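This report goes through one protein model, from a pair of packed helices to single residues in strands and loops. Please keep the sequence and the structure in view while reading.

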Amino acid sequence: MWLFKRNGTSGFSSWSTAEEVTNGIDGSGLTAIVTGASSGIGLEAAPVFALRGVHVVLGVRNVSTGKQVKEAIVNEIPAAKVDEMELDLSSMASVRKFASEFTSSGRPLNLLISNAGIMATTFKLSKDHIELQFATNHLGHFLLTNLLLVTMEQTVWETKMEGRIVNVSSEAHRFLYREGICFDSLNNQEGYNRWLAYGQSKLSNLVLHANELARRLKVMPFPLARLKKIEGETFDLSL
């Protein structure tokens with residue numbers, strides 16, 4: 001167990017708490033969206049963001065549960081700024097609605113924490129007729145990120161502070177189907193393996209997408225708003 005307690009180059013280990021990692025940080029004036037904020041990592045992260053003064057937007061599939069989380073945070077941290085918004089990452093319509101409502105609110109966006117996900121579920125198709133794990137863990141966050149990029153860029157431009165997009169990954173991304181990511185047979189129920197399907201969904205968005213996004217944004221000239229808008233609400237990120 002001592003290996004997991006050893007501090008890495010950041011000065012922290014896998015045993016470090018969110019409060020320890022953010023100790024001394026003042027997040028006043030920042031706005032963060034946390035997807036999947038009603039359970040797991042999201043439920044742990046959201047209150048700590050609020051504790052540090054960040055305005056937290058809880059992206060939750062169940063609004064009733066989201067309201068309970070908000071109330072719990074405010075009861076513990078009376079000065080907390082918290083809002084809950086409905087967001088079902090498995091539904092592209094829900095993702096578009098969330099992004100549209102957030103953008104229309106005029107709020108800035110400094111941090112996007114793409115955390116929501118499902119794991120090793122039995123075979124099921126999303127409302128858009130896509131294998132559910134791939135739709136939720138990859139496509140939903142991919143679309144959400146694209147739809148919010150201009151808002152993040154505008155926030156960077158206005159505040160002169162860099163933003164952050166955090167994709168929560170998993171070691172399961174190493175475990176895939178023999179042929180890798182099955183883009184041509186995502187909905188093949190006969191060959192479906194719930195754990196390998198989970199692995200490919202994590203590799204697709206939370207590793208490959210994160211790496212490619214980082215590469216493109218690193219060399220992307222500002223402002224992003226100059227990018228051509230195509231197919232309604234997707235953005236061409238090619239250079």
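Is the crossing of helix 5 and helix 6 left-handed or right-handed? In this predicted model, helix 5 crosses helix 6 in the right-handed sense.

## Packing of helix 5 and helix 6

Helix 5 covers residues 92–104 and helix 6 covers residues 132–159. The two pack at an angle of about 25°, and their axes are 10 Å apart. Angles under 35 degrees count as roughly parallel, so helix 5 is roughly parallel to helix 6.

On the helix 5 side, the contact is formed by Met92, Val95, Arg96, Phe98, Ala99, Phe102 and Thr103. Helix 6 contributes Ala135, Leu139, Gly140, Leu143, Leu144, Leu147, Leu148 and Thr151. Sorted by character, the residues of this contact are 11 nonpolar, 3 polar and 1 charged.

## The chain as a whole

The protein chain contains 7 helices and 7 strands. Their order along the sequence is α-α-β-α-β-α-β-α-β-α-β-α-β-β.

Of the 239 residues in the protein chain, 45% are buried. Among contacts with a separation of 6 or more, 68% are between residues 24 or more positions apart.

## Thr35 in strand 1

Thr35 belongs to strand 1, which spans residues 31–35. Its relative accessibility is 0%; buried means under 20%, and Thr35 is therefore buried.

The side chain of Thr35 makes a polar contact of 3.0 Å with the side chain of His141. His141 is also one of the residues that Thr35 touches when those up to four places away in sequence are not counted. The others in that list are Gly59, Leu87, Leu89, Ile113, Ser114, Asn115, Ala116 and Leu144. Leu144 is also listed among the helix 6 residues in the contact with helix 5.

## Two positive phi values before helix 6

Most residues other than glycine have a negative phi. Ala120 has a positive phi, near 50°, and His129 also has a positive value, near 65°. Ala120 lies in the loop between strand 4 (111–114) and helix 6, and His129 is in the loop between strand 4 and helix 6 as well.

Which of these residues is buried, and which is exposed? Ala120 has a relative accessible area of 8% and is buried, whereas His129, with a relative accessible area of 57%, is exposed.

## Exposed loop residues Asn7 and Glu190

Asn7 sits in the loop between helix 1 (2–5) and helix 2 (18–21). With 52% relative accessibility, Asn7 counts as exposed, because the cut-off for exposed is over 50%. The side chain of Asn7 comes to 3.3 Å from the backbone oxygen of Gly11. Apart from neighbours within four places in sequence, Asn7 contacts Phe12 and Ser13.

Glu190 is located in the loop between strand 5 (164–167) and helix 7 (194–219). Glu190 is exposed, and its relative accessible area is 80%. How far apart in space are Glu190 and Phe123? The C-alpha atoms of Glu190 and Phe123 are 9.5 Å apart, while 67 residues separate the pair in sequence.

Note on methods: Residues numbered from 1 in each chain as written. Predicted model: local features only at pLDDT ≥ 70, side-chain atom pairs only at ≥ 80, totals over all residues. Heavy atoms only, no water. Axes fitted to C-alpha atoms, helices over the stretch in contact; angles between N-to-C directions. Helix = DSSP H or I, 4+ residues; strand = E, 2+ residues; numbered from the N terminus. Parallel < 35°, antiparallel > 145°, perpendicular 65-115°, else oblique. Left-handed = near helix turned anticlockwise from the far one by under 90°. Contact = heavy atoms within 4.5 Å. Nonpolar A, V, L, I, M, F, W, Y, C, P; charged D, E, K, R; others polar. Buried < 20%, exposed > 50% of the residue type's maximum accessible area, 1.4 Å probe, protein only. Polar contact = N/O pair within 3.5 Å; in protein donor to acceptor, adjacent residues only side chain to side chain.
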